[in-house]
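Visitor: Hi! Could you walk me through this one?
Guide: Happy to, let's look together.

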Amino acid sequence: RRNSVHFGVQVARNSSSWDGDDNMEAAGSSSNVAFDRKLKVLQRNGAAIAARKGRMVKTSEEAVDYDYFQEEIANRLVDRLDDIIREGGFPLALDVGSGVGHVYRAINAHESFEGVGGVGGVRKLVQLDSSAGMLHRDDDLDDTAHDDSEPPFCGAYKMVADEEGTMPFPDGTFDLVISSTALHWVNDLPTFLSETKRILKPDGCLIFAVVGGSTLFELRSSLVLAEMERDGGVSPHVGPFVDFADVGTLLTSAGFTLPTVDIDTIKLAYPNATVLMEHLQRMGENNASLNRRSRVGADTFLAAACIYDQAYPLQDDAEDEEDSIEASVQVIYAIGWSPHDSQPKPLERGSAKHKMGDVIVE
């Protein structure tokens, strides 16, 4: 059982420790809280343990790569970073929700144009994640793959800390903050963005990719119909996700300047809905909604899989004849800058010397 979209894997560096129970607020303490952060850490730690065990008992041919999506989005995000031309690059960067280190590997894949550091001129990357298991999942692979004769373009330091709340860094620490496919589990995005602006240096850059919009709408609707038929009600299984139209407003409200936002819609192919749900679980992306049901019967999931197969068949010719359904993922990419005098600014309102009606375009 496998999906038709595949890509690759590798790893990163050092560490500091943090106890998630001491730093996470109790779930449900605010009406604005949508996700159980403690549960999400447990889910991601479990996914990391399963991946390590899978490497021990399976050959490379038998092993299933569940990192394909996160790795692809990290590569696309770092491609956008590579397009930013900045003198001196971004020497010190923070990767929020770094996971197993896909952003680090993408940055370290190529030397910067100026010949110092990795992509974007990053020389040191701090990898921060609330899941110690996911953060250190591939440490053994990194140790065996490291070649002292070819040192990495970019160094790394791993830190276990919560992505929510106050960041454990002083004001104006980083030249760059980057995050790939991690912020959709953050309950309070405005506070996160405000904290990010605080730890950025003037003219520092925030660049992130967040799952949003109508992601997995096929799975959501299939589960809704199955629950209504079998249980007579519905409960949250997918999302909620940030909307594309809100991202620019969130950036400007947090004080970022020159915001840039774009969106990708990615279609993934799977043999059936149960394989899709298995992949989500192995990625650590299973349901962590506070309002989730404590137990959903197997018959409901089977009904949802049958509805999915009938309602959302694969539209294009499959690369793998086993694939029969598709899943849609919308990824929102955003860039914002901390204010600086060197940045272009609009003129003051009322300072114009000509009216638009006076301009004649031939």
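Visitor: What percentage of the residues in the protein chain is buried?
Guide: Buried residues account for 48% of the 362 residues. Buried means under 20% relative accessible area, exposed over 50%, and partly exposed in between, with a 1.4 Å probe and protein chains only. This is a predicted model, where local features need pLDDT of at least 70, side-chain atom pairs count only at pLDDT 80 or more, and totals for chains, interfaces and linings use all residues. Residues are numbered from 1 along each chain as its sequence is written, and side-chain values use heavy atoms, leaving out hydrogens and water.

Visitor: Cool. How many helices and strands are there?
Guide: The chain has 11 helices and 7 strands. Both are DSSP runs numbered from the N terminus: helices are H or I with at least four residues, strands are E with at least two.

Visitor: Switching topic: what is odd about the phi of Thr 181?
Guide: Thr 181 has a positive phi of about 50°, though it is not a glycine. Most residues other than glycine have a negative phi.

Visitor: And where does Thr 181 lie?
Guide: Thr 181 sits in the loop between β4 (174-180) and α7 (189-199).

Visitor: Is Thr 181 buried or exposed?
Guide: Thr 181 is buried, at a relative accessible area of 10%.

Visitor: What about Leu 216, what is its phi?
Guide: Leu 216 has a positive phi of about 55°, and it is not a glycine. Leu 216 is in the loop between β5 (200-212) and α8 (217-230), and it counts as buried at 9% relative accessibility.
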